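Me: I'd like to go through this structure with you and check the reasoning behind each label. Could you show it to me first?

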Amino acid sequence: MKKIKRIGVLTGGGDCPGLNAVIRAVVTSALREYNVECYGILDGFSGLINKRVKKLDLNDVSGILPRGGTILGTSNRDNPFKYPFKNDKGEIEYKDVSDQVIRTIEYNELDAIITVGGDGTQSIANLLHSTHNIPVVGVPKTIDNDLGGTDVTFGFDTALTIATLSIDKLHSTAEAHHRVMVIEVMGRYAGWIALHSGVAGGGDVILIPEIPFKMDKIAEKIKERENRGKRFSLIVVAEGAKPEGGDVIVARKVHDPNDPIRLGGISQFVGNQVEDITGIETRYTILGHVQRGGSPSPLDRILATRFGYHAVKAVMEGKFGHMVGLRGENIKTTPISEATAVPRRVKRDSDLVKTANALGTSFGG
Ligand code: F6P
């Protein structure tokens, strides 16, 4: 195996609390433990395509552990295999510029690239590895927690904490005004944030993509509470939840070649229907990007730090095309192809769903 002297690191896809903690751990452990230099690639794959790379020293990563966002910048538009450009008519088309990635790597003499990102970023990394033999090691990031190859992704715990605290705040108004409050959380096509924050925040109804809902079941739960003198209810809904036989609500389409759909708006749909059926005043709140902003939780800082160190270790051991992940107590590596093959979804028969059900929570199904 070629001696590793320089490692590049990039952060791709949506930002997520803990990215800076990973960068810090990569740079610090590479320098201290292995005497290997690190280079930051700016704005995800865009930096690799456009040769935007800068050296990172210990001082560059000092003090960034608790900071949200990413000091390297990120992008979810710049897939080297489907790079957008405007044709003569001003329309967006896509072309393969993956050769430019090789040129940037050679120019900067990078011996390996650590790609910190979700399924989109890891799939691109894997393709660079399988088609161009680029030595990549992945680090799983996403608030959605929907990536395989790890028990949990970093960023999830922070998003869960923000969502739960938001539910607590909305609880006050629900109770004071005798209203139904519908709280929409992120998660794309997975219900992890909704399920966990719904249970932690005492949601009466939790709607997740994995369990299509029926409006009459939701109304039944709210009526049952009203009959017990509880004149308010909390509904926590995942942005990807959908009614039985219906479809998700698309908020917008974007120029993201990995996933152009942005979900959003299901809380308004559910809220309006609930008000019509039950006659109880209803409000909805879409939490949006606050869920992935700001300082990472202690758990995410720790996980991100472990991932960063273990990604460097995996590079030094030549485990290219693999992604680090938490498996029980330990950090292990999995082929990226395996980690991205099937998105991780909530199982209907999981312990948390069963527990919530046993406590009277309705999933509307
Ligand atoms: O994947 C993270 C995530 O925050 C999803 O939960 C959400 O659906 C999406 O990204 C929003 O993307 P954007 O930042 O492009 O609006």
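Reply: Happy to! Let's begin with a term: a molecule sits in a pocket if more than half of its atoms lie within 2 Å of the pocket's grid points. Please keep in mind that this is a predicted model.

Me: Thanks. Where does the ligand sit?

Reply: The ligand sits in the largest pocket. The residues around the ligand include Asn 76, Ile 143, Asp 144, Met 186, Gly 187, Arg 188 and Glu 239. Arg 262, His 289 and Arg 292 are also among them.

Me: What makes the approach of Asp 144 to the ligand a polar contact?

Reply: The cut-off is a pair of N or O atoms within 3.5 Å. An N or O atom in the side chain of Asp 144 is 2.6 Å from an oxygen atom of the ligand, so the pair qualifies. His 289 passes too, because a side-chain N or O atom there is 2.9 Å from a ligand oxygen. For Arg 292, a polar side-chain atom lies 2.7 Å from an oxygen atom of the ligand, so this pair also counts. On its own the ligand has 400 Å² of accessible area, and the protein covers 80% of that.

Me: Let's move to Thr 334. Why is Thr 334 called buried?

Reply: Buried means under 20% relative accessible area. Thr 334 has 6%, so the label is buried. You will find Thr 334 in strand E15, which spans residues 330–335.

Me: How do you know that the side chains of Thr 334 and Arg 327 are joined by a polar contact?

Reply: The limit is a pair of N or O atoms within 3.5 Å. The contact between these two side chains is 3.5 Å, so the pair is accepted. Leaving aside neighbours within four places in sequence, Thr 334 is also in contact with Gly 149, Gly 321, His 322, Met 323 and Ala 339.

Me: And Ser 75: why does this residue count as buried?

Reply: The value for Ser 75 is 18% relative accessibility, and the cut-off is under 20%, so Ser 75 counts as buried. Ser 75 lies in the loop between helix H3 (58–61) and strand E4 (83–86). Its side chain makes a polar contact of 2.4 Å with the side chain of Asp 78. Not counting residues up to four places away in sequence, Ser 75 touches Thr 11, Gly 12, Gly 13, Asp 43 and Gly 44.

Me: What makes Pro 84 partly exposed?

Reply: Partly exposed is the range between under 20% and over 50%. At 23% relative accessibility, Pro 84 falls in that range, so it counts as partly exposed. Pro 84 is in strand E4. Beyond residues up to four places away in sequence, it touches Arg 77, Ile 92, Glu 93 and Tyr 94.

Me: Now for two loop residues. Is Asn 145 buried or exposed?

Reply: Asn 145 has 2% relative accessibility, and buried means under 20%, so Asn 145 counts as buried. It is in the loop between strand E7 (136–140) and helix H6 (156–177). Although Asn 145 is not a glycine, it has a positive phi of about 60°.

Me: Why does His 178 count as partly exposed?

Reply: His 178 has 35% relative accessibility, a value between the 20% and 50% cut-offs, so it counts as partly exposed. His 178 is in the loop between H6 and strand E8 (180–185). Its phi is positive, about 55°, although His 178 is not a glycine.

Definitions and conventions: Residues numbered from 1 in each chain as written. Predicted model: local features only at pLDDT ≥ 70, side-chain atom pairs only at ≥ 80, totals over all residues. Heavy atoms only, no water. Helix = DSSP H or I, 4+ residues; strand = E, 2+ residues; numbered from the N terminus. Buried < 20%, exposed > 50% of the residue type's maximum accessible area, 1.4 Å probe, protein only. Polar contact = N/O pair within 3.5 Å; in protein donor to acceptor, adjacent residues only side chain to side chain. Contact = heavy atoms within 4.5 Å. Near = heavy atom within 4 Å. Areas by Shrake-Rupley, 256 points an atom, 1.4 Å probe, with all protein chains shown as cover. 1 Å grid on protein atoms, 1.4 Å probe; cavity = no way out; pocket = protein on both sides within 12 Å on 5 of 7 lines; lining within 4 Å.
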